[in-house]
Amino acid sequence: HIQKTLQGALSANFELLNNPSFMFLKAEAEALSENFEEANKSLEKARNLANKQKSPDQLKVEIEIGMAMLQTKMLNYSAANDIIMNLIVEYGITKHSELIVIANSEIKLLQGDTKTAIGILQNVDASAPAYVPARMKLADIYLNQLKLSRAYVQCFAEIYKTQGDKQSQYSYALALEKVQNYENALGVYKDIEKERDSEDIALRIGNCLTKMYNFIEAVAHYEKKIEKFSNSLSLLTRLCNLYEKFGNTSKIEERVNIQRLQNLKEEDSRELIEAMLILYRLYSNPQHKEFNFDKARECLNFCVDIQKKQVEKSKESNTDVEFERKRLSHIHTLFVNMYTKLKFNSDDILVHLEEALKNDPENLELQIKSAEVYFTMKNFDIAKEKARKVLKSDFQHADALQLLADCLQAALQPANGIKGFSKILEKQILTNSSYHS
């Protein structure tokens, strides 16, 4: 995608080949595509152009870092280390030191030398401009590579201790929350709240209380904050989730209704869908006094419309397309489950099953559900083919084997049906250690 954009720009203006910044971007795109030889050529040209045109030091440093990274990916570790050492000598005490320190540690990580990477980051003095980014990089290594949650939090504690500003205090609280130290995170968030009472802090405090199982206090907190941040869909959703959790369904309708949510189409789509699904669960459950099929269907139709727009947006930006399609598939699956529970006509169920499968075609559970619906419609040939399709992906899928055997039995092929049941029995014997004949 990046290469296409650069190619389009180049076709419109060939002079860009003499622009060091363009050549640097071109090299990065080529490196991402693992076209290392071309990336190396582009970086060499970017370096020469930058020197010839006396480009700013920032660009020169970025090009050299790019070259060091590329040499590392090409396993030329000695060349990469030489480039970094030259940068340290020339720019080590300038404003560019931050870039160099982080790059040096990343190169050591790529080379598999985690110990040296940590040493580089730990040795950055608290008074240096690179201190905060170095500590944040160190925190990332501790958490995501070494799985050391205490060391991760300690990095943010040190940043807060040395910087003492509101942002570092907030980052410290986030770090505590991330490693599930909710009690200490709550204390920091409450300190922040004294000076900055915002929707975000209200959500953070509510989340900590909920994770600590202080549900009564969490409900009281959300109810209080909604009075102040009355337009907050996020606070409303969290509160209604707690009402739902404890069966306080009447409170949900007091706080939110379909029409109100329909008027919030410009809000965050995920929050909006989550709020509407709370109402769907309220109206679709025959055991609730609020049970109302028409309202439940209205909730899901609204969610489908919103999620379809999300899918289109993801296609336009070429990001998270599969994730958004699976979310749409899930909503159609809720239709399927509701229609099945209420014993709807099979044709109505199939409409949403096909939509669910269209957006999540590899989902075996949806495939077998589709096969089962066709079986109930006595369309045994289609049911049989769908069951076989599942077995191609998972030859031991018990439900598919069972359904295939049922189809063969129904089609008056008892010998094949017995064979199918035998496979099911074999699978159960193999997977159930408590099985006794």
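Glu227 is out in the open here: its relative accessibility comes to 60%, so it counts as exposed. That value, like everything below, comes from a predicted model. Glu227 still has a charged partner, since its side chain meets that of Arg255 in a salt bridge, at 3.9 Å from N to O. The rest of this briefing looks at that pair, a couple of other salt bridges, and the nonpolar cores.

**The Arg255–Glu227 pair**

- Arg255 sits in helix H15 (residues 249-255) and Glu227 in helix H13 (residues 215-228), so this salt bridge ties together parts that are 28 residues apart in sequence.
- Arg255 has a relative accessible area of 24%, so it is partly exposed.

**Other salt bridges**

- Altogether, the structure holds 24 salt bridges.
- As general background, side chains of opposite charge can pair when their charged atoms come close.
- One of the bridges joins the side chains of Arg47 and Glu64, at 2.8 Å from N to O.
- That pair links distant parts of the chain, with Arg47 in helix H3 (residues 36-52) and Glu64 in helix H4 (residues 57-73), 17 residues apart.
- Is Glu64 buried or exposed? Its relative accessible area is 19%, so Glu64 is buried, given that the cut-off is under 20%.
- Arg297 and Asp294 make a more local bridge within one helix: both lie in H18 (residues 293-317), 3 residues apart, or about one turn of the helix.
- The closest N and O atoms of Arg297 and Asp294 are 3.5 Å apart.
- Both partners are partly exposed, Arg297 with a relative accessible area of 29% and Asp294 with 49%.
- There is also a network: Glu193, Asp197, Lys225 and Lys228 are joined into one by salt bridges that share partners.

**Nonpolar cores**

- Which members of the largest nonpolar core touch the most other members? They are Tyr189 and Leu279, out of 100 residues in that core.
- Helix H17 (residues 269-284) supplies the largest share of this core, with 10 residues.
- Beyond its neighbours within four places in sequence, Tyr189 is in contact with a mixed set of residues, including Tyr170, Ala173, Leu174, Ile201, Ile205 and Cys208.
- Charged residues turn up on that contact list too, namely Glu177 and Arg204.
- A second core, separate from the largest one, has 26 residues, among them Ala50, Val61, Met67 and Ala103.

Conventions
Residues are numbered from 1 along each chain as its sequence is written. This is a predicted model: local features need pLDDT of at least 70, side-chain atom pairs count only at pLDDT 80 or more; totals for chains, interfaces and linings use all residues. Side-chain values use heavy atoms; hydrogens and water are left out. A nonpolar core is a set of buried Ala, Val, Leu, Ile, Met, Phe, Trp, Tyr and Cys residues joined through side-chain atoms within 4.5 Å. Buried means under 20% relative accessible area, exposed over 50%, partly exposed in between (1.4 Å probe, protein chains only). Helices (H or I, at least four residues) and strands (E, at least two) are DSSP runs, numbered from the N terminus. Contact means heavy atoms within 4.5 Å. A salt bridge is a side-chain nitrogen of Lys or Arg within 4 Å of a carboxyl oxygen of Asp or Glu.
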